[in-house]
Amino acid sequence: MSLDRRLAVLRERDFRRFFIGYTTSLLGSAMASIALTFAVLESGGGGTELGWVLTARILPLVLVLLAGGVVTDRVGSRQVMLAADAVRCLTQLGLAVLLLGGDPGLWALVGLVALWGAAEALFTPALGALVPHIVRAGTLSDGNALLGVARSATSIAGPMLAGLLTAVSGAASVLAMDAASYAVSIAALLLLPRAARSTVTPSSFVTELREGWSEFRSRIWLWVSTVHVCLFNLFVWAPFLVLGPVVAERRLGGATSWGLVMALYGGGAVAGGLALLGRRPRRPLLVATVSTLGWALPSAALATGRSLPWICATALVAGIGSAVCGTLYATAVQSQIPPGMVARVNAYDAFGAFALGPVGLAAAGPVSVLVGTSGVLGFGAVWQIAAVTVVLALPAIRAGLPQPSHEGTAPSAARTPT
């Protein structure tokens, strides 16, 4: 299939507009995270202060996710994303002003970063609900693949640009650029057509949460995959992120080598997303699950003392698997869940996937003192292989997905965002 046909989704006006705005905001956010880290350290803060700031972003993201799903299904994904981007734009401007003032107060930084995280929690489930409405049903997978490519590419380019710009013009200027990137995203969202308001009277908040939970747990493939990713984050990915740099510092050459490993992981994700364009696996959940076997390889390479080229190669494979799994899984949710439930289901999925990640980050170091770094990383690799084997044993994962019975993926509905 030609590249032009694989990129056909970019010829769809609404998706193209959103893609430009979303990619711009992703690049700004990737830059801002690095700039904020250096701003805290350069203002006299240490590990404790940086930990407070990082936690202030992650904790609201987890706590507000479920509410974000309910609000999105009530008022529409486009409206929620506009509000979220407006808040994020203002928080970044506030952070830039604080840094320009000289010595920013820790709790002022924490408060603004917490608002940033809460707005991200609103945006996250709304994104999954928006995509089916700005692409045709036949290009849904391609749209998800390109959005995944944007996330991976900006995760590589953002830190590189942030390091350069922070050194040249300071962290405040980078945060101001991030605010401008959210303004671009707002402009793109405003260009999307407004959907008709729902005529259904909203239920109570708790009732709507229960409805989303019922939809989530009614599909074995859905909750099993979420549990799979949750335990992957706990046992594999969190220890890899904490202990990988430790191994790199001890025997691989330090930060430069670790940066190369993570860059190749991102490069693999870009390659995996591009490779999926134009492809429609008959059994997407099977392919997605098999692709997660690659997640075991970097931990295994570190645990067994492999050289840097081997670790880089395994990171590349793991990145490819991450893109394949993420794209096919997102497409399955969007095509199988009724449109009025997508945001709530996305919220439960994201909440479940990330809930134990902070526990893994906190526990990796202390546990490695007891059983050794190789022991923790090796356990993670073995766990991932065993988990994939168990998940693949389920008929719901091996079977193809049924044809959607709802109208949310029909071409006539695909051009009207909620």
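Here is a short chat about a predicted model, covering its cysteines, two of its helices and one leucine.

Me: How many disulfides does a search of the whole structure find?
Reply: Good place to start! A disulfide is a covalent bond between the sulfur atoms of two cysteines. To count here, a pair of cysteine sulfur atoms must lie within 2.5 Å. For Cys230, the nearest cysteine sulfur belongs to Cys325 and is 14 Å away. Over the whole structure, the number of disulfides found is zero.

Me: Is Cys312 buried or exposed?
Reply: Let's use the cut-off: a residue under 20% relative accessible area is buried. Cys312 has 7% relative accessibility, so Cys312 counts as buried.

Me: How are H12 and H13 roughly arranged to each other?
Reply: H12 covers residues 296-303 and H13 covers residues 308-336, and their axes come within 7 Å. These axes cross at roughly 165 degrees. Angles over 145 degrees count as roughly antiparallel. The two helices, H12 and H13, are therefore roughly antiparallel.

Me: How many nonpolar, polar and charged residues are in the contact of H12 with H13?
Reply: On the H12 side we have Leu297, Pro298, Ala301 and Leu302. They meet Ile311, Thr314, Ala315, Val317 and Ala318 of H13. Thr is not listed among the nonpolar or the charged kinds, so Thr counts as polar. Sorting the residues of this contact gives eight nonpolar, one polar and no charged.

Me: Which residues of H12 are buried?
Reply: H12 is mostly covered, with six of its eight residues buried. Two of the residues that meet H13, Pro298 and Ala301, are on the buried list too. The full list is Ala296, Pro298, Ser299, Ala301, Leu302 and Ala303.

Me: Which residue with positive phi follows H12?
Reply: Look just past the end of H12 in the model. The phi there is positive, near 75 degrees, and the residue is Gly305.

Me: Is Leu127 buried or exposed?
Reply: You can find Leu127 in helix H5, which spans residues 106-130. Being under 20% relative accessible area is what makes a residue buried. Leu127 has 11% relative accessibility, so it counts as buried.

Me: Which residues does Leu127 touch, not counting those up to four places away in sequence?
Reply: Residues apart in sequence can be looked at in space as well: Leu127 and Ser77 are 50 residues apart in sequence and 6.9 Å apart, C-alpha to C-alpha. For touching, heavy atoms must be within 4.5 Å. With that cut-off, the residues that Leu127 touches are Phe18, Tyr22, Met81 and Arg151.

Methods: Residues numbered from 1 in each chain as written. Predicted model: local features only at pLDDT ≥ 70, side-chain atom pairs only at ≥ 80, totals over all residues. Heavy atoms only, no water. Buried < 20%, exposed > 50% of the residue type's maximum accessible area, 1.4 Å probe, protein only. Axes fitted to C-alpha atoms, helices over the stretch in contact; angles between N-to-C directions. Helix = DSSP H or I, 4+ residues; strand = E, 2+ residues; numbered from the N terminus. Parallel < 35°, antiparallel > 145°, perpendicular 65-115°, else oblique.
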